[in-house]
Amino acid sequence: MDFEDSPELASFRAEVRDFLDAHAELRRGDERDWSRNGAATDEEVAADYRRRCREWQRTLADHGWAGLTWPQAFGGRGGTPAHQIVFNQELARYDATSGFITAAQALVGPTLMQHGTPEQQQRYLEPLLRGDEWWCQLFSEPGAGSDLSSLATRAVLDEATGEWVVNGQKVWTSNAQYADFGILVARTDPDVPKHAGLTYFVVDMRTPGIEIRPLIQAQGVAHFNEVFLSDVRIPAENVVGEVGDGWRVTRTTLRSESSMISGAGQATPFTALLALAQQRDRDGDPVIRQGLAHVYSNELIMKWMGWRTQTAVMTGRYELALHGSLLKNFFTRSFAQKVGLALDIQGAEGMLSDDAEGGGFWQYQFINQFASRIGGGTEEVHRNNLGEQALGLPREPAVDKDVAWNQTRRS
Ligand SMILES: Cc1cc2nc3c(=O)[nH]c(=O)nc-3n(C[C@H](O)[C@H](O)[C@H](O)COP(=O)(O)OP(=O)(O)OC[C@H]3O[C@@H](n4cnc5c(N)ncnc54)[C@H](O)[C@@H]3O)c2cc1C
């Protein structure tokens, strides 16, 4: 495979560099970079980070760089995955990010483009692309995470008004406290097997009856929330896809989610780890050097894995594309190794928290490895996917496959 840019990509890369040079600072790899403050425990710093993410997204939109691979009909640039890769490669050198706006775009964009009505696409896609409206994902529940399709939040049609009335509880809802809208999956028919009775909605997060309770994590920040829904009224036009066909729509969101996660980690590039080793004068230590080499190799492998998949997709040779589950699990393993090495480099100080140099940045990332192993589907579930879908191993027994949801045993 030829990894050199084609003449067209080389000129695109030059154009990207010109844009980034004009609008962003080069990344320093330490606490001076605002783009690594997504994990800040200081609320002022965190609020400043969110403001800058919004600002950066608007800068992208104003200059025609938002939605690089989105079709032009939806306000995107109509580029290929290769353009996106080149853009990300260049952006990684700069102190700029759209933070969780990128995640929301990955979850909501493809879903609405594929399953939304023209009115929904018209209403929601542009503000999503510009980062003007923020979104959250109301899928997981206390009794339904890996087995998402067993969820229990109920939506009942009010025949008199034509609205759906929703009751239930969601959990682990990232950034719900800042969201304008949510994508919500609820059970509209409990009398059919679990996958068949679901419907997918867009919900305005300011609707009466929605209560958001932040969950404070081990790092001291509330990345995600519990969301309680009590008699929440959703207009009929907010159903995405068909009533009862919500699982098909949900699968579009989930597929996009795991590939989005495997492209994360820009706040902790190899260069940041190397800078830390150099600052601590540990870059001559043979054990640390070996760890650095390993982390660097993993970053290259991730890059080539991404290339391979994108090239396969672009050339229609889908059989050569790597499975999203493989990318996600490789990413989370590599991330764990990288952040573990950062603490080794810090030595005894690695055991501190906010008092460690850099405000505990690497400590936060170290704890965050566990979240990345769970969010977007756990490692075990992705291994199951690989076993069944890539290796053709026998499927897990599904005892409730043909049983009405209200007759199944649930936690
Ligand atoms: C950082 C983060 C952000 C998140 N953001 C959101 C969000 O915005 N919106 C949202 O809806 N959800 C979100 N989630 C929730 C996430 O999708 C779920 O945590 C995840 O799907 C696992 O579900 P669970 O926590 O209920 O664990 P469970 O499904 O109860 O799993 C418990 C354990 O059992 C294992 N297990 C379960 N089933 C199997 C199986 N079939 N085979 C082998 N092992 C199995 C799991 O691997 C895990 O170790 C987020 C989670 C994290 C960590």
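How many cavities of 30 Å³ or more does a search of the whole structure find? One. I'll come back to that one, but let me start with the ligand. And keep in mind throughout that this is a predicted model.

Okay, the ligand site. We have 16 residues around the ligand, and the closest are Ser140, Ser146, Trp172, Thr378 and Glu380. If you sort the shell by class, you get nine polar residues, five nonpolar and two charged.

Now some polar distances for those of you who like to set up restraints. Glu380 puts a polar side-chain atom 2.7 Å from an oxygen of the ligand. With Trp172 the backbone is what counts: one of its N or O atoms sits 2.9 Å from a ligand nitrogen. Then there's Glu396, where an N or O atom of the side chain is 3.1 Å from a nitrogen atom of the ligand. As for cover, the ligand on its own has 980 Å² of accessible area, and the protein covers 67% of that.

Which elements give two or more residues to this shell? They are β3, spanning 163-174, plus the helices α10 (361-374) and α11 (379-390). Strand β3 has the largest share, with three residues. And why do I say the ligand lies between domains? Because domain 2 (135-245) and domain 3 (268-377) both contribute residues to the shell.

Right, on to empty space. Rolling a probe the size of a water molecule over the atoms shows where there's room left.

Take the second largest pocket. Its volume comes out at about 350 Å³. There are 20 lining residues, and nearest the centre you find Ala39, Gly358, Gly359, Gly360 and Phe361. The class split is eight nonpolar, eight polar and four charged. Helix α10 turns up again here: with four residues, α10 gives the largest share of this lining. This pocket lies between domain 1 (7-98) and domain 3 (268-377), because both give residues to its lining.

So what about that cavity I opened with? Its volume is about 90 Å³. The lining includes Gly29, Asp30, Glu31 and Arg36, and also Ala272, Leu276 and Gln279. Gln346, Glu357, Gly358 and Trp362 are part of the lining too. By class that's three nonpolar, four polar and four charged residues.

Which helix gives the most to the cavity lining? That's α7, residues 270-279, with three residues. Domain 1 (7-98) and domain 3 (268-377) both supply lining residues here as well, so the cavity lies between them. And look at Gly358: this glycine lines the cavity, and Gly358 is also among the residues nearest the centre of the second largest pocket.

To wrap up: the ligand lies between domains 2 and 3, while the second largest pocket lies between domains 1 and 3, and the largest cavity lies between domains 1 and 3. That's what I have, thanks.

Conventions
Residues numbered from 1 in each chain as written. Predicted model: local features only at pLDDT ≥ 70, side-chain atom pairs only at ≥ 80, totals over all residues. Heavy atoms only, no water. Near = heavy atom within 4 Å. Polar contact = N/O pair within 3.5 Å; in protein donor to acceptor, adjacent residues only side chain to side chain. Areas by Shrake-Rupley, 256 points an atom, 1.4 Å probe, with all protein chains shown as cover. Nonpolar A, V, L, I, M, F, W, Y, C, P; charged D, E, K, R; others polar. Domains from an automatic or database assignment. 1 Å grid on protein atoms, 1.4 Å probe; cavity = no way out; pocket = protein on both sides within 12 Å on 5 of 7 lines; lining within 4 Å. Points joined across faces, edges and corners; volume = space filled by probe spheres on them.
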